[in-house]
Amino acid sequence: MNGTTAPSPWLPTAPCTPGRCAAHPDSGTDHAAPAAGAALAAVRLAAGIGTVLLGILLAPAAGLLRPPARLALVRFWVRTVVRAFGVRVRFEGAAVPAAGPLLVVANHVSWLDIPLLAAVLPGRMVAKAEVRHWPVLGTIAALGGTLFIDRDRLRALPGTVSAMAGVLAGGGRVVVFPEGSTWCGRAGGRFRPAAFQAALDSGADVQPVRIDYRPTGAAAYVGDDPLGASLWRIVTTRRLTAEVRTLTPISGTRFPDRRSLAAAAQRAVAPQRAVAPQRAVVPQRAVAKDSANLPFSSVHQRDRSSPASASSSRTPA
């Protein structure tokens with residue numbers, strides 16, 4: 001996407017850009033970790049790419065295994081890939097159903113989201129058609145049975161939703177990023193409702209997942225950020241940690257339509273803000289002093305005048 005081409009009005013966009021978000025000088029408790037040495041970073045990069053290529057080479061042989069063994073191997077592989085790039089991972093939250101159809105939905109920050117979800121909730125990913133042509137990642141996506149959607153053709157959307165519903169009706173899992181675009185992690189986008197129609201049509205539950213990274217900016221893959229730059233930023237960041245929290249599944253039977261179901265999933269995935277302890281104050285001064293009751297201001301609120309051409313177009317969803 002560039003400044004001379006008007007974006008499609010229905011495509012999801014985000015105000016996040018590499019310079020403002022990925023390279024953001026975090027403040028407060030979210031300080032950037034010290035940079036890893038060039039030699040260590042080079043080792044991580046080689047190990048990560050090597051692990052990815054090894055998995056691709058072994059994919060035909062893995063296809064001969066029984067489904068449980070193949071699933072276990074895939075989960076081991078994607079965890080190894082993430083760790084090889086130097087990313088520490090913490091999985092926590094509600095217990096995940098061992099079997100049965102699930103529409104897995106998560107916030108979207110980075111290409112790392114894909115292997116992280118595959119490690120805990122493997123399923124058929126939904127990705128934009130451009131991903132099929134990405135080097136390495138496109139091959140992995142195709143081998144994993146990704147459902148590709150042409151985002152420039154609105155008429156193709158019902159067919160994709162129908163394909164998702166078919167997978168769910170057959171007892172499978174579908175993984176989608178309903179924001180439709182990557183965000184930096186300090187702010188998030190609205191969950192688009194289309195994918196939730198597949199859960200309603202098939203009677204499948206929705207499994208919300210929250211993904212966070214510390215430090216936040218290092219993993220963000222936003223705007224026109226090149227994949228190579230993202231890889232280097234990740235391998236040069238020490239103590240980069242990904243936190244994957246599975247939340248309580250949501251039954252679609254509780255909601256009358258896809259919009260209300262999408263809104264419920266968005267509320268579940270939204271970051272939980274800590275509540276400051278109550279302090280005794282003089283009543284007439286309480287309003288003036290209680291800044292914790294002020295509305296939360298988005299990290300991007302000051303950038304609302306940013307042109308649409310600066311918004312994120314990089315997304316596997």
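**Helix packing and strand pairing in a predicted model**

Helices H2 and H3 cross with left-handed geometry. The model is predicted. Apart from this helix pair, the briefing covers a second contact of H2, an open sheet of 7 strands in mixed pairing, and the surroundings of strand E5, both faces of which are covered.

**Helix H2 against helix H3**

- The axes of H2 and helix H3 (residues 67–84) approach within 8 Å, and their crossing angle is roughly 165°.
- An angle over 145 degrees counts as roughly antiparallel, and H2 and H3 are therefore roughly antiparallel to each other.
- On the H2 side, the contact involves Arg44, Ala47, Gly48, Thr51, Val52, Gly55, Ile56 and Ala62; on the H3 side, Arg70, Leu73, Trp77, Thr80, Val81 and Ala84 take part.
- Sorted by class, the contact of H2 with H3 comprises 8 nonpolar, 4 polar and 2 charged residues.

**Helix H2 against helix H9**

- Helix H2 (residues 38–62) also meets helix H9 (residues 227–235), with axes that come within 9 Å and cross at roughly 120°.
- H2 and H9 are therefore oblique to each other, and their crossing is right-handed.
- Ala38, Ala41, Ala42, Arg44 and Leu45 of H2 make this contact with Leu231, Trp232, Ile234 and Val235 of H9.
- The contact of H2 with H9 contains 8 nonpolar residues, no polar residues and 1 charged residue.
- Arg44 of H2 is listed in the contact with H9 and also in the contact with H3.

**The sheet**

- The strands of the open sheet follow the order E1-E7-E6-E2-E5-E3-E4.
- Its edges are strand E1 (88–93) and strand E4 (147–149), each of which pairs on one side only.
- From one strand to the next, the twist averages 20°.
- Helix H10 (residues 258–269) lies across E2 and strand E6 (205–214), and runs at about 35° to E6.

**Strand E5 and its partners**

- Strand E5 (residues 173–176) has Arg173 and Val175 buried on one side, and Val174 and Val176 buried on the other.
- Strand E2 (residues 102–106) runs parallel to E5 and is joined to it by 4 bridges; Leu103 has Val174 of E5 as its bridge partner.
- Strand E3 (residues 124–128) also pairs with E5 in the parallel sense, over 2 bridges.
- Val174 of E5 is the bridge partner of Arg124, while Met125 stands opposite Val175.
- Val174 is thus named as bridge partner for both Leu103 and Arg124.

Notes. Residues numbered from 1 in each chain as written. Predicted model: local features only at pLDDT ≥ 70, side-chain atom pairs only at ≥ 80, totals over all residues. Heavy atoms only, no water. Axes fitted to C-alpha atoms, helices over the stretch in contact; angles between N-to-C directions. Parallel < 35°, antiparallel > 145°, perpendicular 65-115°, else oblique. Left-handed = near helix turned anticlockwise from the far one by under 90°. Contact = heavy atoms within 4.5 Å. Nonpolar A, V, L, I, M, F, W, Y, C, P; charged D, E, K, R; others polar. Buried < 20%, exposed > 50% of the residue type's maximum accessible area, 1.4 Å probe, protein only. Pairing = 2+ DSSP bridges.
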